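Have the model open while you read this. We'll start with some backbone oddities, then move on to helices and finish where the chains meet.

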Amino acid sequence: MLAGGQFLLLSSLVGRLYYLQVLQSDRYAMLADENRINIKLLPPPRGRILDRHGEALATNRLNYRVALVSEHAKDITATLDALASLIPLSKRDYQRVLRDARRKRDFVPITVRENLTWSEVSRIEVNAPDLAGVVIEVGQTRYYPLGATAVYITGYVAAVSEDELTGDPLLALPDSRIGKSGVEKIYDLALRGKAGNSQVEVNAYGRVIRELERNEGQPGDALVLTLDAGLQRYVSARIAGQIASAVVLDIHTGDVLALASSPSYDPNLFTKGISTEDWNALLNNPYKPLISKAISGQYPPGSTFKMMVALAALEGGIAGRSHEVTCRGEVDLGNRTFHCWKRGGHGKMTMVKALEQSCDVYFYDIALRVGINRIAKMARRFGFGELANIDLYGERPGLMPDRDWKLANYEVAWQKGETLVAGIGQGFVQATPLQLAVMAARIASGGTAVTPHLSRRALRRATEDGAAETGPVFESLGLSPASLDVIVEGMTRVVNNVRGTAYRARIDESELAMAGKTGTSQVRNISKSERKTGVFKNAQRPWEERDHALFVAFAPIDDPRYSISIVVEHGGSGSSVAAPIARDILRETQRRDPARDGSLDRLAAVANNSNGG
Amino acid sequence: MAKSLGIQHHQISLGQKLRRITWGLILVLTVTAMVGVAMLYSAANGNFDPWASRQAIRYGAGLVMMIGIALIDIRILLSWAYGIYGVALAMLALVEIMGITGMGAQRWINLGFFQIQPSEMMKVALVLALARYYHGLSLEDCRRFRALVAPLLLVLAPAALVLRQPDLGTAIMLMLTSAALLLAAGVRLRIFAAIAVAGLAAVPVAWQFLRDYQKERIFTFLDPERDPLGAGYQILQSKIALGSGGLLGKGFLNGTQSHLSFLPERQTDFIFTMLAEEFGLMGGLTLLALYTLILIYGFIIGLGAKSQFARLVATGVTATFFIYVFINIAMVTGLIPVVGVPLPMVSYGGTAMVTIMVGVGLLMSVYVHRDVEIPRRASLV
């Protein structure tokens, strides 16, 4: 009986084993794997950003870190002391390492310091026998060789914030970086690549025993920009020291060749983690370096807007090129007096001459005849009041007012006086430097809807794969060539006629000559008393009340290829401040010209084949 | 001593004794022990140190001791039975006074040069004492209720001391072994039922005596997922190891649960889990088959014994062995709470191995002296 009972109980054990090991086997096998297998993500190298000639705008640099494995270091403080005799260590480093050493398991490396120089690394390596538990680790950090010069184009990467987590596991990695601005942000997904993974076997304490499987990820795509790094450097240097923006476009393709604002800042500050002092300095700088003024700065376009008024008149059949107005220096409307910039007036003006000499009274006259709505309609065709849709974040649309807009926003009807002011690009009208360069490009291209871009990638996606190799074809704006001729002639004379407002900024080499338009936009109204006493010269006013200096241009005149816009905040007059900058840049742009042909497409092909790195 | 009890006839020569030793049982036991050594080699991630080599040496020494015990005359064992029990009980009481604390329980007694564990000794001593007691009773006597008082005292005294240490596993083993022995001696089932009812009624009382960790173990047993990283961890990881082993296992030295330290106590109480993880259901059944063979030897020897004492010793030893196997495997497979009973001949550790081998030595002594008749009256004190 006893034996029977015992065998019965033994069979119950057999039954139990059968249940666990056969019936429930799959479930437990899965649980066992969950126990032992950890999946570690391998971050792929971020795609490089190159200029049109292949010069690197953003690369990955090796980041040498020194770390401490506490299970191998017998005495952590002593090891840190030994390390401190080789490389500088702050008190904060000490505290952080000691704190981490208590919190983390003793086989997890604790980072002591990052971004070691080569000499620091070699000093540590040479002394390695005395530094038990000290290891050198290599990571990658983003590096921007052009630094502050191209920051508004490249943007920068920084640690991922909570609301940027999209579910891509790559972003959840502790040292992952994401594009925060510029093309780094807008092309982030392509640059990021795909994470690889490494399946490692761990024991119950989390120690890695061995690697079971490794899937290398896909490195991020290389991104070729239309930018010319050399030109960008030139432009940045040329506007340095002023609060200014410059945009250079290729009229044929819409390629952005240079886009700069000053003052600027160094994106490399952000990749390593910016210090609070540096950040506050940037944030509180009155000249707002964090803002890309070329696309986000909105300025009254001033006289550069006169082409729009003239075109509206010409195309509307309201005033032809021979339309005459006599300028006496001022015009009365109702009980207000509107002044021309030239005291005493320009005398008898035709349209071309009015452009050449930027006669305000002439444009008061035709603006009043055309009316604000038709001016606005024409200006919008040239990009005013709407985003140029460049592939950058932070672009602002400017403002192109009309009657409906005024009513909707002020609940007051549009006043005639406001049409006059708008006729010389003042008042409500606002535009970004980018929009001004686009306007110049659209005029110079014979009235086509040139659209700016920094990467052909966006275009290629819009059309069929690779179909954009020959460059984009822009739609016509539907303007008569005769109307455009008047504008081009006027702009040509602005620079190349002795009486033109920018004559002193002309390019002497006739094959490089430019056509342009000056603009001086008021920041504040000039009071009657100031006019009488003559205290409205820029030099006599405080900086922030001085006029903005603007200039738009294109070159060469015969077969326009490049357009440019310059805005110098509170710089003074367009003719004396902005035009010379444009002259220098356009000359440099054309001087660099031969190297440019076709190189972008060749490079894009090479870069995509080699897949960055 | 034997003479003083009036037992003199039927002397067996040493050569006869050696020939009568059950070499087949020794072979099965050795194979089982070798399985243990192999698993300990694996538990140390493929090293003989620190467990496998020592276990093998211990087995060798135990083998000599076992054969030595097998040669001791069964009548001498009979006459020493109460003495051995008395010494064991005294030592258990001594543990209360001067025992050192190890593994959260006072179990060892320090004799200066080595430590002994009286509770292990008691497992054998109790079998001998009960067998001795029932040997002196006629079948009619042992059916009397009065005759139950002495054996109950014999059981409950050490069980209470062991429980105080506290060592629930050993206390349970002592009581279960005794129950088996009493049944074999002829105590009626309904008396058992009465005791069982009384026992159940005592459960709430006993509950008071349990230490917190013992209560925790019972809670954990009832719901292992209650606290998967705490108390339920062992059972859960053990079940994962067993289940993931499947039919054929992960292969020798390839048990992930064991080698990556997910399985606790893999060299002692949970060694069966490791075996079944690496060799699967087939491995587990093979070991069970070896145990079953040993049990069959035990039953056959018990049936062949001429004296009541020998028969009861064989039954008691076999029951002890079975209880070791059953409690250990039932606990690692999650059938009963974890009570800390090692797997005989396989788990690392000397004390349990000594107990088992002394027991098997007694079993072989029963076989060697199977023809010895001992008058029942004569042994009555």
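Where in chain A does A:Pro556 lie? Look in the loop between β18 (548-555) and β19 (562-568) of chain A. Keep in mind that this is a predicted model.

**Backbone oddities**

That proline is worth a click, since the peptide bond running from A:Ala555 to A:Pro556 is cis, with omega near -15°. Chain B has a cis bond to show you too: it joins B:Asp49 and B:Pro50, and omega there is about 0°. B:Pro50 sits in the loop between α2 (23-43) and α3 (52-71) of chain B.

Then there are two non-glycine residues with positive phi. In chain A, go to A:Asn389, where phi is near 55°. This asparagine is in the loop that links α16 (372-381) and α17 (403-410) of chain A. Is A:Asn389 buried or exposed? It's exposed, because just 12 other C-beta atoms lie within 10 Å, and a residue with 12 or fewer falls in that class. In chain B, phi of B:Leu253 is near 70°, again a positive value in a residue other than glycine. You'll find B:Leu253 in the loop between α11 (233-245) and α12 (256-259) of chain B. B:Leu253 has 14 C-beta neighbours inside 10 Å, so it counts as partly exposed.

Here are the four spots side by side:

| Residue or bond | Angle | Loop |
|---|---|---|
| A:Ala555 to A:Pro556 | omega near -15° | A:Pro556: between β18 and β19 of chain A |
| B:Asp49 to B:Pro50 | omega about 0° | B:Pro50: between α2 and α3 of chain B |
| A:Asn389 | phi near 55° | between α16 and α17 of chain A |
| B:Leu253 | phi near 70° | between α11 and α12 of chain B |

**Chain A as a whole**

Zooming out, chain A comes to 24 helices and 19 strands. It has 613 residues, and 44% of them count as buried. If you take the contacts in chain A between residues at least 6 apart in sequence, 76% join residues at least 24 apart.

**A helix pair in chain A**

How do α9 (residues 229-239) and α23 (residues 574-591) of chain A pack? Their axes are 10 Å apart and the angle between them is about 165°. The two helices are therefore roughly antiparallel, as angles over 145 degrees are classed that way. The crossing of α9(A) past α23(A) is right-handed. From α9(A), the residues that meet the partner are A:Leu231, A:Tyr234, A:Val235, A:Arg238 and A:Ile239. On the α23(A) side they are A:Ile581, A:Asp584, A:Ile585, A:Glu588 and A:Thr589. By class, this contact has six nonpolar, one polar and three charged residues.

**A helix in chain B**

Now pick out α7 (residues 149-164) of chain B. At 1.5 Å a residue, its 16 residues should span 22 Å, and the end C-alpha atoms are 22 Å apart, so the two agree. The buried residues of α7(B) are B:Pro151, B:Leu154, B:Val155, B:Pro158, B:Ala159, B:Leu161, B:Val162 and B:Leu163.

**Where the chains meet**

Finally, the interface: 34 residues of chain B are in contact with 27 residues of chain A. On the chain B side, the elements giving two or more residues are α8 (168-185), α11, α12, α13 (271-304) and α14 (308-332). The largest share, nine residues, comes from α13(B). Sorted by class, the chain B side has 21 nonpolar, 12 polar and one charged residues.

Definitions and conventions: Residues are numbered from 1 along each chain as its sequence is written. Chains are lettered from A and ligands numbered from 1 in the order in which they are written. This is a predicted model: local features need pLDDT of at least 70, side-chain atom pairs count only at pLDDT 80 or more; totals for chains, interfaces and linings use all residues. Helices (H or I, at least four residues) and strands (E, at least two) are DSSP runs, numbered from the N terminus. A residue is buried if 20 or more other C-beta atoms lie within 10 Å of its own, exposed if 12 or fewer, and partly exposed in between; C-beta atoms are placed from the backbone. Two residues are in contact if their C-beta atoms, placed from the backbone, lie within 7 Å. The expected span of a helix is 1.5 Å times one less than its number of residues. Axes are lines fitted to C-alpha atoms, for helices over the stretch in contact, and angles run from 0 to 180 degrees between N-to-C directions. Angles under 35 degrees count as roughly parallel, over 145 as roughly antiparallel, 65 to 115 as roughly perpendicular and the rest as oblique. A crossing is left-handed if the near helix is turned anticlockwise from the far one by less than a right angle, and right-handed if clockwise. Ala, Val, Leu, Ile, Met, Phe, Trp, Tyr, Cys and Pro count as nonpolar, Asp, Glu, Lys and Arg as charged, and the others, Gly among them, as polar.
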